[in-house]
Amino acid sequence: MDKETILSWLKEEDPKRLEKLWQEADEVRARCVGDEVHLRGLIEISNYCINRCYYCGINRDIRTLARYRMTEEEIMAVVREIVKRGYGTVVLQSGEDPGIKRTWMSELIRRIKGETPLAVTLSLGERNVGDFAAWRKAGADRYLLKFETSNRYLYRYLHPPRQGEEIDRLILLEELSSLGYEVGSGIMVGLPGQTYEDLYEDLSIFRRLDLDMIGIGPFIPHPKTPLGCHPDWLSRSEVPNTDLMTCKVIALTRLLCPMANIPSTTALATVNPASGRILGLERGANVIMPNFTPIKYRKLYDIYPRPQETAPGGEDPLSIILSLGRRPGKGPGNRRRQIF
Ligand code: SAH
């Protein structure tokens with residue numbers, strides 16, 4: 001697909017013509033990764049953060065937010081619940097928390113790998129290569145680190161460098177890959193200042209990095225963040241932060257990276273609670289990541305405003321999967337290398 005075609009799909013508004021994009025994405029999804037929908041149980045293990053990302057509601061400048069870090073025992077209890085549900089993967093996510101020590105995390109990973117059949121995905125932000133190497137050695141299978149936007153100026157603005165440190169997430173992704181992790185990344189759609197050209201670049205990077213997982217969610221303003229306090233910035237955005245726009249990027253990602261694992265994200269389900277999850281799965285996605293964070297912590301992992309769920313795992317993912325004529329994935333759900 002050439003640049004003009006990609007840009008014209010990104011700007012397409014006609015539902016009839018878009019039908020063709022949805023259909024193609026769904027066909028490629030079925031042919032290349034099949035009808036299985038992989039379930040990953042998400043645990044948000046800490047909301048401490050030393051970064052100041054302008055989009056994120058747990059950034060270090062939000063002093064009113066109570067901070068938590070789950071204990072090993074608390075995490076293991078949730079891990080056992082995820083095993084009981086028959087899921088193949090646990091995802092451990094957090095803010096950029098130096099209180100998560102290398103050895104503590106290594107022990108936790110060893111314990112999960114020793115006591116359960118789960119694949120372990122980490123999403124703990126920007127760490128040094130020593131940490132990445134130790135955790136890989138301890139048995140971690142995958143690492144998820146979104147580059148958020150390929151527009152360098154916008155990224156630097158939204159994600160101010162920590163003191164004296166300019167961290168390039170694209171370089172970290174290459175390091176993770178050479179350590180043998182399955183590597184995931186992704187972007188937010190509809191960031192203030194983001195352009196269609198930027199989205200085209202994002203898609204090109206997905207393809208160039210040959211990512212194993214690609215997460216795409218709409219940007220959701222958080223009222224306590226610099227971006228959320230300036231709603232007029234949003235109205236000046238070229239790219240809308242809508243479910244439709246997000247679906248277009250998901251569908252194009254499936255066409256350009258046919259074998260990647262692509263989640264139908266919680267952010268997509270947040271902007272369209274009635275059918276966001278389903279639309280993502282119908283338009284290229286093949287993964288869902290239900291939230292298993294204990295309720296008392298979940299409201300504190302306040303990256304963006306989201307409806308409070310009451311049950312672990314939230315909405316019933318199994319009934320969604322079956323209603324689409326698909327089936328829950330078996331085993332860890334690694335990235336496929338060959339069309340089966
Ligand atoms: N500290 C880790 C995990 C952050 S939370 C890291 O930076 O990698 C995981 C993802 O949530 C982020 O990568 C970002 O894409 C998304 N996110 C954060 N704030 C958001 C917002 N306001 N709207 C939509 N997505 C957001």
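Two residues are in contact here when their heavy atoms come within 4.5 Å of each other. Keep that in mind as we look around this predicted model.

Let's start with Leu92. Skip its neighbours within four places in sequence, and Leu92 still touches a whole list of residues, among them Ile43, Ile45, Ile75, Met105 and Leu108. Further along the chain, Ile112, Val120, Thr121, Leu122, Ser123 and Leu124 are in contact with Leu92 too.

Leu92 also turns up in the largest nonpolar core, which has 99 residues. Along with Ile43, Met105 and Leu122, Leu92 is among those with the most contacts inside that core. Which helix gives the most to this core? That would be helix H10, residues 243-256, which puts in eight residues. There's also a second, separate core of six residues, including Leu42, Val91, Leu144 and Val287.

Now for the backbone. Most residues other than glycine have a negative phi. Glu148 has a positive one, and so does Asp210. Here they are side by side:

| Residue | Phi | Loop between | Relative accessibility |
|---|---|---|---|
| Glu148 | near 70° | strand E4 (142-144) and helix H6 (152-158) | 10% |
| Asp210 | near 50° | helix H8 (196-209) and strand E6 (213-218) | 42% |

Is Glu148 buried or exposed? Its relative accessibility is 10%, so Glu148 counts as buried, because the cut-off for buried is under 20%. Asp210 sits at 42%, so this residue counts as partly exposed, because that label covers values between the buried cut-off and the exposed one, which is over 50%.

Note on methods: Residues are numbered from 1 along each chain as its sequence is written. This is a predicted model: local features need pLDDT of at least 70, side-chain atom pairs count only at pLDDT 80 or more; totals for chains, interfaces and linings use all residues. Side-chain values use heavy atoms; hydrogens and water are left out. A nonpolar core is a set of buried Ala, Val, Leu, Ile, Met, Phe, Trp, Tyr and Cys residues joined through side-chain atoms within 4.5 Å. Buried means under 20% relative accessible area, exposed over 50%, partly exposed in between (1.4 Å probe, protein chains only). Helices (H or I, at least four residues) and strands (E, at least two) are DSSP runs, numbered from the N terminus.
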